[in-house]
Amino acid sequence: MTTILLPPRRQALRLCAGAALGAYTGLCVPAIAPASTAPDFTLRSMNGPNLRLQEQRGRVVMVNFWATWCGPCRQEMPHLNRLYEKYRASGFVLIGVNVDDDVRKAADVAAKLGVSFPVLLDTDKKVSRQYDLSTMPSTVLIDRDGRVKYVHLGYKTGYEDTYDKQVRELLKQ
């Protein structure tokens, strides 16, 4: 089963308006879709070497796109951290992709929130554009074969229960 969770109403309207404008001008690129192969990328890690998505094959991967100015992103981070700690020994990888221009600001927020999963830096927004994301946060769950299984746009309290269920499901496959 494939699920796409919609963002709050205002974000949904903004997303639809942006898609309509893009389609009108001929610049619309299809959004990342379940069942498609996750686009590969390599980004610099905040606390270590570069990380390449392709090298995570064989694991269940959650990619969470976030920004320091995004309140729901900050609210979601502690839940993501618990999920990472709970399942990482079982073949689960959580990758945070920060889209801020200011790397120091991203590092400060990640430290304040106690983020233990790898945070990658997408300062030029190249990967965010590759995934066609215009909502923060956006979370993509990828199966062991590198296929997108779930896309979550935005965050609301309770999404963490859905994430937990979906990660467990993918780890069993």
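**View 1. Thr139, a buried residue in strand β7.** In this predicted model, Thr139 is buried, with a relative accessible area of 0%. That value is under the 20% cut-off, which is why Thr139 counts as buried. Look for Thr139 in strand β7, which covers residues 138-142. Its side chain makes a polar contact with the side chain of Asn64, at 2.8 Å. Asn64 also appears among the residues that Thr139 touches, leaving aside those up to four places away in sequence. The others in that list are Met62, Val63, Glu76, Tyr150, Val151, His152 and Tyr163.

**View 2. Tyr84 and Phe117, an edge-to-face aromatic pair.** Counting ring pairs whose centres lie within 6.5 Å gives 6 aromatic pairs. One of them joins Tyr84 and Phe117, with 6.0 Å from centre to centre and 75° between the planes. Here the pair links distant parts of the chain, as the two residues are 33 residues apart. Tyr84 belongs to helix α2 (residues 71-87), while Phe117 sits in the loop between α3 (103-112) and β6 (119-121). Are these two partners buried or exposed? Tyr84 counts as buried because its relative accessibility is 11%, and Phe117 counts as buried because its value is 3%.

**View 3. Tyr155 and Tyr159, a pair of tyrosine rings.** Now turn to Tyr155 and Tyr159, which form an edge-to-face aromatic pair. Their ring centres are 5.8 Å apart, and the angle between the planes is 85°. An angle over 60 degrees counts as edge-to-face, so the 85° here earns the pair that label. Both of these tyrosines, Tyr155 and Tyr159, are buried.

**View 4. Phe41, Phe65 and Tyr131, an aromatic cluster.** Which residues should you pick out in this close-up? They are Phe41, Phe65 and Tyr131, linked into a cluster by ring pairs.

**View 5. Cys70 and Cys73, joined by a disulfide.** A disulfide is a covalent bond between the sulfur atoms of two cysteines. How many disulfides does a search of the whole structure find? The search finds 1. This bond joins Cys70 to Cys73, with an S to S distance of 2.3 Å. The torsion about the S-S bond of Cys70 and Cys73 is about 85°, so the disulfide is right-handed. If you are checking whether its ends are buried or exposed, both Cys70 and Cys73 are buried.

Terms used: Residues are numbered from 1 along each chain as its sequence is written. This is a predicted model: local features need pLDDT of at least 70, side-chain atom pairs count only at pLDDT 80 or more; totals for chains, interfaces and linings use all residues. Side-chain values use heavy atoms; hydrogens and water are left out. Helices (H or I, at least four residues) and strands (E, at least two) are DSSP runs, numbered from the N terminus. Buried means under 20% relative accessible area, exposed over 50%, partly exposed in between (1.4 Å probe, protein chains only). A polar contact is a pair of N or O atoms within 3.5 Å; within protein, one must be able to donate a hydrogen and the other to accept it, and residues adjacent in sequence count only if both atoms are side-chain atoms. Contact means heavy atoms within 4.5 Å. Rings of Phe, Tyr and Trp (its six-membered ring) pair if their centres lie within 6.5 Å; planes under 30 degrees apart count as stacked, over 60 as edge-to-face and the rest as tilted. A disulfide is a pair of cysteine sulfur atoms within 2.5 Å.
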